[in-house]
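Visitor: I should like a close look at one part of this structure, namely its salt bridges. Please take me through the pairs and their surroundings.

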Amino acid sequence: PARYFDTAEGHFWGILDTRDYMRARLGVANAIKSMGHFKEYRPLREKALSHYLGLLRLCDRDNLGVRMKVPFILLELNRDEHCFSFIKWWEEHSEAADYRANWEKAWPYEVPGCRLDDMLESYSSSSIKHLDLNYLVALCLIKLRLIATADGVPLHEVRADCDRAQVLRSQEAHARKYLKLIHSNNPSLLPAVL
């Protein structure tokens, strides 16, 4: 028998023999995630996250759409910085010819950046239009959390030349920008939530 875990990491979906395993593991991860919601139990969410990240390592092109679930688990675990870095990593490497080379450099949380940054600042307006709605919602939630807990932003995250009021204004501007993008991407989403 082939030793796919040794020889095909990153390319599991391209091998028909491994697709059933990938689907089954995704089912396990989804079931664990659901139990984590139902029981409000952090270790279950961590376990689901571990399975999702494992699936991404096995199938680096993410044919199962796992990368859209990871940001929300990270947010549930109050790991906003990791969520921001995860989204940033996928956006920077989604068109790369060889994910594997990029993973070995930094994946998925080692991307420099700060949740106080505007991830879309360097994007062209056409690139922003193609950003996935899931990512926009996750980024907006990060900004809204920062605004809601403005006094709780650790001092090391605030540049010396900025005061908290200035940081808060920039976060509000980012949130407004993301909310507009979410609404233009899906006009029925925000009214349905509100």
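Guide: A salt bridge is counted here when a side-chain nitrogen of Lys or Arg lies within 4 Å of a carboxyl oxygen of Asp or Glu. The model is a predicted one, and by this rule it holds 7 salt bridges.

Arg145 pairs with Asp80 in one of these, and their closest N and O atoms are 2.5 Å apart. Arg145 belongs to helix 8 (residues 133-148) and Asp80 to helix 5 (residues 80-93), so this salt bridge ties together parts that are 65 residues apart in sequence. As for the surroundings, Asp80 is buried, at 6% relative accessibility, whereas Arg145 is partly exposed, at 30%.

Asp62 and Arg67 form another salt bridge, with 2.8 Å between the closest N and O atoms. Asp62 has a relative accessible area of 6% and is therefore buried, the limit being under 20%. Its partner Arg67, at 22% relative accessibility, is partly exposed.

A further salt bridge joins Asp20 to Arg23, whose closest N and O atoms are 3.5 Å apart. Both residues are part of helix 2 (residues 16-39), where a spacing of 3 residues corresponds to about one turn of the helix. Asp20 has a relative accessibility of 58%, so it counts as exposed, for which the value must be over 50%. Arg23, with a relative accessible area of 45%, is partly exposed.

Finally, salt bridges also link Arg42, Glu46 and Arg79 in a network.

Key. Residues numbered from 1 in each chain as written. Predicted model: local features only at pLDDT ≥ 70, side-chain atom pairs only at ≥ 80, totals over all residues. Heavy atoms only, no water. Helix = DSSP H or I, 4+ residues; strand = E, 2+ residues; numbered from the N terminus. Buried < 20%, exposed > 50% of the residue type's maximum accessible area, 1.4 Å probe, protein only.
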